[in-house]
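Colleague: I should be grateful for a close look at one part of this model, namely the largest nonpolar core. Please describe that core and then place it in its surroundings.

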Amino acid sequence: MHDVRVAKRYARALFETALDSKDDKMVAAVEDDLGGIVSLLVNNLQFRTRMLSPQESRDAKLGLVDRLFSDRVTSLTLQALRLMIEKNREDEIEWVHREFARLRREHENKIFVVVTSSENLTGEQQNAVIHKLESATGKKIEAEYKVDPQLIGGVRVAYDNYVLDGSLRGDLRKLRDHLMHDILKQS
Amino acid sequence: MSNQEKKTGGVHWLVLVIIGAIIMVAGMYVAVNIKIPFQEGLAKQGIPLDLGRTIATIGVFIILFPVIKSFFLVPLAEAINNRTTELEKTFSEAEELRSEMKSMQSAYEKRLAETEADAREKIQGQIKEAQALRQRLESEAVGRADELLKRAHDEISAERNKVVTELRLEVVNLTLGATEKLLGENMDTDKNRRLINDFVNKVEVPS
């Protein structure tokens with residue numbers, strides 16, 4: 001059973017520990033480590049099955065983690081991972097990663113935006129979009145760029161609870177919603 | 001005993017018995033001891049009258065009279081009286097019964113009349129109730145029929161509106177699908193760039 005509150009507590013504890021570390025790059029390193037582990041969980045079915053299976057013993061999971069990550073991730077990440085496994089919280093790893101990233105961005109006064117376009121944006125276009133968002137929000141922008149041909153044309157920016165839709169797909173959807181609203185209102 | 005005294009004229013029966021016994025004894029004495037001359041004359045004339053025996057016989061009657069009275073006449077009179085009383089009582093009871101029967105008959109006739117009136121009233125009430133029920137059922141049936149008719153009209157109208165709406169929505173979907181296809185075919189990098197520039201220039205970012 002997934003519990004966001006638990007994931008938040010683990011993420012906050014891990015983030016504060018990483019922040020208090022003498023190494024300035026520890027926060028980024030832990031986030032990278034968590035991202036790698038989550039990526040492996042998502043893409044490797046065998047690893048996912050063994051990690052999340054209730055039939056797999058705790059010791060076996062700890063052994064697997066030690067074998068896979070002891071020389072690849074920071075000791076702090078490994079300790080946190082071992083702790084989560086010992087507490088049967090391994091299914092919270094993905095959410096811990098998300099919450100960790102959110103805490104890091106909050107600490108750095110950054111907003112995470114997802115910019116989706118029908119074609120790859122040029123560097124100039126990316127800069128224009130980021131500059132616009134930074135000047136409007138007064139915060140630094142951390143962007144993830146995606147390509148979705150379904151948008152037909154234009155660009156869509158999503159952050160926090162907002163979606164700024166400048167795509168043709170969005171325009172068509174708005175037009176469809178408007179027409180349907182009128183039709184249903186008439187009926 | 002006092003009743004007997006009253007019925008015998010107030011003379012006690014013992015007195016009568018004593019008197020009768022004296023008379024009987026005196027008569028027998030006369031018959032045995034005393035020769036009465038005119039008896040002999042009567043005997044010669046063929047009339048054997050013995051005065052002493054006659055007197056004795058009268059004494060015997062006087063003795064027997066209270067006995068007869070006590071054992072025969074008084075019970076007979078009492079029986080007659082009782083019978084008379086009983087007959088009077090019977091007549092009285094019969095009369096009472098007759099009057100009671102009359103009163104019962106009148107009560108019965110009265111009750112019968114009341115029952116008939118009540119039954120008539122109830123029948124009238126039932127008839128009125130049945131008529132009211134019939135009218136109510138008729139009005140309900142008419143109302144229900146009207147309601148069904150109205151509902152059918154409403155359903156037809158709603159169904160028509162639904163079909164028209166679905167048709168319009170289908171037209172919208174087809175039109176937008178075609179538009180989407182046309183836009184996709186006519187989109188190129190330059191147009192996309194212009195769209196992105198327009199977005200950057202015009203978008204209002206909530207802070």
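Modeller: The account below begins with the core and then moves outward to the rest of the assembly. The model is a predicted one.

The largest nonpolar core comprises 18 residues. Those with the most contacts inside this core are A:Tyr10, A:Ala11, A:Leu14, A:Phe15, A:Val30, A:Val96 and A:Phe100. Two or more residues each come from helix 1 (4–20), helix 2 (26–43), helix 5 (75–86) and helix 6 (93–107) of chain A. Helix 1 of chain A is the greatest contributor, with six residues.

A:Phe15 shows how distant parts of the sequence meet here. Once residues up to four places away in sequence are set aside, A:Phe15 touches A:Val27, A:Phe100, A:Leu103 and A:Arg104. A second core, separate from this one, has twelve residues, and A:Val113, A:Val129, A:Tyr159 and B:Ile196 are among them.

Two further residues of chain A deserve attention, beginning with A:Met84. This residue lies in helix 5 of chain A. Why does A:Met84 count as buried? A:Met84 has 21 other C-beta atoms within 10 Å, and a residue is buried if 20 or more lie within that distance. A:Met84 and A:Tyr10 stand 74 residues apart in sequence, yet their C-alpha atoms are 8.2 Å apart in space. When neighbours within four places in sequence are left aside, the contacts of A:Met84 are A:Tyr10, A:Arg89, A:Glu90, A:Glu92 and A:Ile93. A:Tyr10 thus appears both in this list and in the list of residues with the most contacts inside the largest core.

A:Glu92, one of the contacts of A:Met84, belongs to the loop between helix 5 and helix 6 of chain A. A:Glu92 is likewise buried, because 21 other C-beta atoms lie within 10 Å. Its C-alpha atom is separated by 7.5 Å from that of A:Asp3, although the two residues are 89 positions apart along the chain.

Helix 5 of chain A, which gives residues to the core, also packs with helix 4 (residues 58–69) of chain A. The axes of these two helices are 10 Å apart, and the angle between them is about 165°. Helix 4 of chain A is therefore roughly antiparallel to helix 5 of chain A, and their crossing is right-handed. On the side of helix 4 of chain A, the residues concerned are A:Arg58, A:Lys61, A:Leu62, A:Val65 and A:Phe69. They meet A:Leu78, A:Leu81, A:Arg82, A:Ile85 and A:Glu86 in helix 5 of chain A. By class, this contact holds six nonpolar and four charged residues, with no polar ones.

The core may now be set against chain A as a whole. Chain A contains eight helices and four strands, arranged along the sequence as α-α-α-α-α-α-β-α-β-β-β-α. Of its 187 residues, 27% count as buried. Among contacts in chain A with a separation of 6 or more, 66% join residues 24 or more positions apart.

Chain B is built from five helices and zero strands, and 5% of its 207 residues count as buried. For contacts in chain B with a separation of 6 or more, the share between residues 24 or more positions apart is 75%. Within this chain, helix 2 (residues 13–33) packs with helix 4 of chain B at an angle of about 160°, with the axes 6 Å apart. Helix 2 of chain B is consequently roughly antiparallel to helix 4 of chain B, and the crossing is left-handed. The residues in that contact are 20 nonpolar, six polar and one charged.

The two chains also meet each other. In total, 22 residues of chain B are in contact with 26 residues of chain A. Helix 4 (51–186) and helix 5 (189–202) of chain B each supply at least two residues of the side of chain B that touches chain A. Helix 4 of chain B provides the largest share of that side, ten residues. Divided by class, the residues on this side of chain B are twelve nonpolar, seven polar and three charged. The second core, for its part, includes B:Ile196 together with residues of chain A such as A:Val113.

Note on methods:
Residues are numbered from 1 along each chain as its sequence is written. Chains are lettered from A and ligands numbered from 1 in the order in which they are written. This is a predicted model: local features need pLDDT of at least 70, side-chain atom pairs count only at pLDDT 80 or more; totals for chains, interfaces and linings use all residues. A nonpolar core is a set of buried Ala, Val, Leu, Ile, Met, Phe, Trp, Tyr and Cys residues joined through C-beta atoms within 7 Å. Two residues are in contact if their C-beta atoms, placed from the backbone, lie within 7 Å. Axes are lines fitted to C-alpha atoms, for helices over the stretch in contact, and angles run from 0 to 180 degrees between N-to-C directions. Angles under 35 degrees count as roughly parallel, over 145 as roughly antiparallel, 65 to 115 as roughly perpendicular and the rest as oblique. A crossing is left-handed if the near helix is turned anticlockwise from the far one by less than a right angle, and right-handed if clockwise. Ala, Val, Leu, Ile, Met, Phe, Trp, Tyr, Cys and Pro count as nonpolar, Asp, Glu, Lys and Arg as charged, and the others, Gly among them, as polar.
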